[in-house]
Amino acid sequence: KNAAERFVEKKSLGQVVGPYLEKTYRGQDKEHNPPEELTEIHVSFRFRIETNSDDAELVKKKWANLIDERNDLVHHFLEGVEPNSIESWLAAGMKLDAQRDEIVAESDNLRGYVSFIQSSINGLATGAINIDYVGE
């Protein structure tokens, strides 16, 4: 396992999502600057979504809801199901389907971000080794 996998391996979903949201959805980052005295090439790449505070709060609330629903599913979901009632099982299935749809939508968003980051890094790498690019 790589370092990122080991880092998240024993953490709860909330412990992983919180830092992701804080690092990804925020304004200008004053703490990340190139070294003051550059003696060689310095390349830095960061991914951040800049949005207004209302949209950032909406994303945070969506994730908080997903985490709450996940915790309810794991710890309390079956308490609300009447085992001998078909209607109860059908309602439970509809609730799970709705939860799945929300999770799939957010998963698709994350895959899109990862794809964008990968293509950006590949573009940087191609530009960095392209002889026509060097010195421009």
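**Figure 1. Thr 24 lies in helix α2 of the predicted model.** The residue is buried, its relative accessible area being 5%. This value falls under 20%, and Thr 24 is therefore assigned to the buried class. When residues up to four places away in sequence are left aside, Thr 24 touches Phe 47, Arg 48 and Ile 49. For one of these partners, Ile 49, the C-alpha to C-alpha distance from Thr 24 is 5.6 Å, although 25 residues separate the two in sequence.

**Figure 2. Helices α2 and α3 pack against each other at an angle of about 175°.** The axes of α2 and α3 are 11 Å apart. Because angles over 145 degrees count as roughly antiparallel, α2 and α3 are described as roughly antiparallel to each other. On the α2 side, the contact is made by Leu 13, Gly 14, Val 17, Tyr 20, Leu 21 and Glu 22. On the α3 side, Val 59, Lys 60, Trp 63, Ile 67 and Arg 70 take part. By residue class, the contact of α2 with α3 comprises seven nonpolar, one polar and three charged residues.

**Figure 3. Val 17 of helix α2 is shown with its partners Trp 63 and Ile 67.** Val 17 is buried, with a relative accessible area of 6%. Apart from residues up to four places away in sequence, Val 17 touches Trp 63 and Ile 67. Both of these partners are listed among the α3 residues of the contact between α2 and α3. The C-alpha atoms of Val 17 and Lys 60 are separated by 9.2 Å, and the two residues are 43 residues apart along the chain.

**Figure 4. Tyr 20 and Trp 63 form the one aromatic pair found in a search of the whole structure.** The pair is edge-to-face, with a distance of 6.4 Å centre to centre and an angle of 70° between the planes. Planes over 60 degrees apart count as edge-to-face, and the geometry of Tyr 20 and Trp 63 is therefore placed in that class. The pair links distant parts of the chain: Tyr 20 belongs to helix α2 (residues 13–24) and Trp 63 to helix α3 (residues 53–75), 43 residues apart. Tyr 20 is partly exposed at 23% relative accessible area, whereas Trp 63, at 10% relative accessibility, counts as buried. Tyr 20 and Trp 63 also appear among the residues that make the contact between α2 and α3.

**Figure 5. The charged end of Lys 11 sits over the ring of Phe 7.** The distance from this charged end to the centre of the Phe 7 ring is 4.6 Å.

**Figure 6. Ser 12 is found in the loop between α1 (3–9) and α2.** Ser 12 has a relative accessibility of 38% and counts as partly exposed. Between the C-alpha atoms of Ser 12 and Asn 71 the separation is 9.9 Å, while along the chain these residues are 59 residues apart.

**Figure 7. The preceding views are placed in the context of the protein, which has four helices and zero strands.** Read along the sequence, the helices give the pattern α-α-α-α. The protein has 136 residues, of which 15% count as buried; Val 17, Thr 24 and Trp 63 are among the buried residues. Of the contacts between residues at least 6 apart in sequence, 58% join residues at least 24 apart.

Methods: Residues are numbered from 1 along each chain as its sequence is written. This is a predicted model: local features need pLDDT of at least 70, side-chain atom pairs count only at pLDDT 80 or more; totals for chains, interfaces and linings use all residues. Side-chain values use heavy atoms; hydrogens and water are left out. Rings of Phe, Tyr and Trp (its six-membered ring) pair if their centres lie within 6.5 Å; planes under 30 degrees apart count as stacked, over 60 as edge-to-face and the rest as tilted. Helices (H or I, at least four residues) and strands (E, at least two) are DSSP runs, numbered from the N terminus. Buried means under 20% relative accessible area, exposed over 50%, partly exposed in between (1.4 Å probe, protein chains only). A charge sits over a ring if NZ of Lys or CZ of Arg is within 6 Å of the ring centre and within 35 degrees of the ring normal. Axes are lines fitted to C-alpha atoms, for helices over the stretch in contact, and angles run from 0 to 180 degrees between N-to-C directions. Angles under 35 degrees count as roughly parallel, over 145 as roughly antiparallel, 65 to 115 as roughly perpendicular and the rest as oblique. Contact means heavy atoms within 4.5 Å. Ala, Val, Leu, Ile, Met, Phe, Trp, Tyr, Cys and Pro count as nonpolar, Asp, Glu, Lys and Arg as charged, and the others, Gly among them, as polar.
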